[in-house]
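Hi there,

Here is the structure I promised to send over. Have a look at it first, and my notes on its internal cavities follow below.

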Amino acid sequence: MPDPEPSADLPELAVLRRIVQDGGADLQQRLVGEADAERRFPLLCVTLGNPAPGVPAVGFFGGVHGLERIGAEVVLAFLQSLVVRLRWDALLRRLLESLRLVFMPVVNPAGLWRGTRANPNGVDLMRNAPVDATERVPFLVGGQRLSAGLPWYRGADGAPMQAESAALCRVVEEELLTGRPFAIAVDCHSGFGLRDRLWFPFAHSRRPIEHLPEMHALCELFEQAHAHHPYVFEPQSRQYLAHGDLWDHLYLRACTATPGRGFLPLTLEMGSWLWVKKNPRQLLSRHGLFNPLIGHRQQRVLRRHLPWLDFVARAAASHERWLPRGDERERRRGLALARWYGGAPA
Ligand SMILES: [Zn+2]
């Protein structure tokens with residue numbers, strides 16, 4: 001479907017268009033929805049690699065929160081690096097013969113354009129899914145239905161999901177879940193805490209997910225390959241509980257629809273308080289609080305996360321070689337319960 005209206009003044013969409021142009025026949029772009037503000041913005045999904053439903057897939061998402069530009073930029077930087085490498089990198093071409101990659105780097109373009117966390121209706125997309133926390137959530141930040149004028153608004157009770165959240169869910173269901181033997185999603189955010197975190201579900205409950213052994217195995221693969229990586233790997237519920245988390249919703253749907261298959265969604269939360277600590281001026285800038293303010297620091301942030309994104313693609317392509325089975329699965333579940341849920345070591 002053609003892009004309805006070039007939005008040249010939103011830098012992230014302009015970059016995406018340029019990358020798609022550079023990628024030529026290696027990339028496919030499709031319009032998966034529109035966001036309405038004072039003007040309309042396209043919701044774009046870009047795919048590359050083998051389109052056959054039988055191969056595993058990875059989805060990379062960014063820009064869900066309009067204040068966290070760096071999330072969109074990290075996803076765009078990774079897509080850009082793939083496009084330039086495809087010109088010469090035979091190994092990458094081989095990898096993409098057995099893998100599908102899906103990109104939605106600008107989930108909330110109107111929020112980016114307006115410089116708001118929420119979409120133009122005041123809805124926080126990451127609180128917008130129809131899933132309620134099972135225990136008490138922190139006031140406001142856990143999601144609220146009091147007012148669109150307050151942050152972390154979930155949208156009206158019983159209302160359909162916002163165009164942006166619905167488009168993200170459709171992309172995940174169509175591109176990552178339908179017929180896939182295995183899929184991983186990485187959604188890039190910034191703004192929580194001092195450390196870079198990789199969060200996995202649940203956000204709505206302290207209960208461990210069914211695929212905890214798989215998550216533990218993925219985490220260990222990464223730790224073995226990148227001994228000095230910067231991340232804290234943990235379930236989001238270790239930090240705080242929230243209503244309406246899109247990834248909880250999609251994970252639960254995947255478990256119901258295709259119980260035997262693995263779908264591992266992760267959220268990269270880049271620890272922006274660190275940037276503030278190094279440059280207190282950032283506190284005075286609305287954009288700066290969630291984004292590195294200085295050019296070289298931004299470069300470093302982009303570079304820092306590319307190994308993780310690259311790893312995820314390789315791990316998905318090789319999932320049959322490392323997904324735990326049988327007794328190994330139960331052994332890992334014990335280790336993971338001890339590591340993240342205060343359980344007794346197996
Ligand atoms: Zn965010």
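The largest cavity holds about 40 Å³ of space. Please keep in mind that this is a predicted model. The search covered the whole structure and turned up two cavities of 30 Å³ or more, so named here by rank.

Let me start with the walls of the largest one. Its lining includes L176, L177, R180, P181, F182 and A183 from one stretch of the chain, and T258, R261, G262 and F263 complete the list. Three elements each give two or more residues to this lining: the helix α5 (163–177) and the strands β5 (182–190) and β8 (262–270). By residue class, the lining of the largest cavity has six nonpolar, two polar and two charged members.

Now to the other one. The second largest cavity contains about 30 Å³ of space. Around the second largest cavity you will find F78, L82, L92, L95 and L101, together with D310, A313 and R314. Here the elements that supply two or more residues are α2 (69–85), α3 (90–97) and α9 (295–317). Of these, α9 gives the most, with three residues. The lining of the second largest cavity counts six nonpolar residues and two charged ones, with no polar residue.

If you want to set the two side by side, six nonpolar and two charged residues appear in the lining of the largest cavity and in that of the second largest; two polar residues also belong to the lining of the largest, against none for the second largest.

Happy browsing, and do write back with any thoughts!

Best wishes

Notes
Residues numbered from 1 in each chain as written. Predicted model: local features only at pLDDT ≥ 70, side-chain atom pairs only at ≥ 80, totals over all residues. Heavy atoms only, no water. 1 Å grid on protein atoms, 1.4 Å probe; cavity = no way out; pocket = protein on both sides within 12 Å on 5 of 7 lines; lining within 4 Å. Points joined across faces, edges and corners; volume = space filled by probe spheres on them. Helix = DSSP H or I, 4+ residues; strand = E, 2+ residues; numbered from the N terminus. Nonpolar A, V, L, I, M, F, W, Y, C, P; charged D, E, K, R; others polar.
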